[in-house]
Amino acid sequence: MSYEQFEEYMDRYIEKLKSLEPSEWSESEREFCEKNGLILGDGNGNFGYKCPVTKEELAVVSQRIVTGLLNNSGLKEI
């Protein structure tokens, strides 16, 4: 398989994952994260819960959590 073929395969795989419904066991946690702005999705109402997460995305969510904790504690910044 060439690199181009692999990239095409992975692009199709990621698109397939985006269309899968999230598992029921995580419903309350997903609702909490969406409601509190920890996970915003792609702006079109798609959250891609079955998709892989990059380190960049993990950093954004982590920063949102820490900022929320600090703001709720009365501290402004670390």
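Q: In which loop is Ile-39 found?
A: The model is predicted. Ile-39 is placed outside the helices, in a loop that follows H2 (27-35). The element on the other side of this loop is H3, so the place asked for is the loop between helix H2 and H3.

Q: Is Ile-39 buried, partly exposed or exposed?
A: The relative accessible area of Ile-39 is 26%. Buried would need a value under 20%, and exposed one over 50%. Because 26% falls in between, Ile-39 is partly exposed.

Q: How far apart are the C-alpha atoms of Ile-39 and Ser-26?
A: Along the chain, Ile-39 and Ser-26 are 13 residues apart. In space, their C-alpha atoms are separated by 14 Å.

Q: How much space lies in the largest pocket, and which residues are closest to its centre?
A: The largest pocket holds about 550 Å³ of space. It is lined by 18 residues. Those closest to the centre are Ile-39, Gly-41, Phe-47, Gly-48 and Glu-57.

Q: Which helix gives the most to the lining of the largest pocket?
A: By class, the lining has eleven nonpolar, three polar and four charged residues. Five residues of the lining come from one helix, residues 55-73. That helix is H3.

Q: Which residues make the nonpolar surface patch of about 470 Å²?
A: One member, Phe-6, lies in helix H1 (residues 3-18). Patch residues need over 30% relative accessible area, and Phe-6 qualifies on this count because its value is 40%, which makes it partly exposed. The patch is made by Met-1, Phe-6, Tyr-9 and Tyr-13.

Definitions and conventions:
Residues numbered from 1 in each chain as written. Predicted model: local features only at pLDDT ≥ 70, side-chain atom pairs only at ≥ 80, totals over all residues. Heavy atoms only, no water. Patch = residues over 30% accessible without salt bridge, like charges linked within 9 Å, V, L, I, M, F, W, Y side chains within 5 Å. Areas by Shrake-Rupley, 256 points an atom, 1.4 Å probe, with all protein chains shown as cover. Salt bridge = Lys/Arg side-chain N within 4 Å of Asp/Glu carboxyl O. Helix = DSSP H or I, 4+ residues; strand = E, 2+ residues; numbered from the N terminus. Buried < 20%, exposed > 50% of the residue type's maximum accessible area, 1.4 Å probe, protein only. 1 Å grid on protein atoms, 1.4 Å probe; cavity = no way out; pocket = protein on both sides within 12 Å on 5 of 7 lines; lining within 4 Å. Points joined across faces, edges and corners; volume = space filled by probe spheres on them. Nonpolar A, V, L, I, M, F, W, Y, C, P; charged D, E, K, R; others polar.
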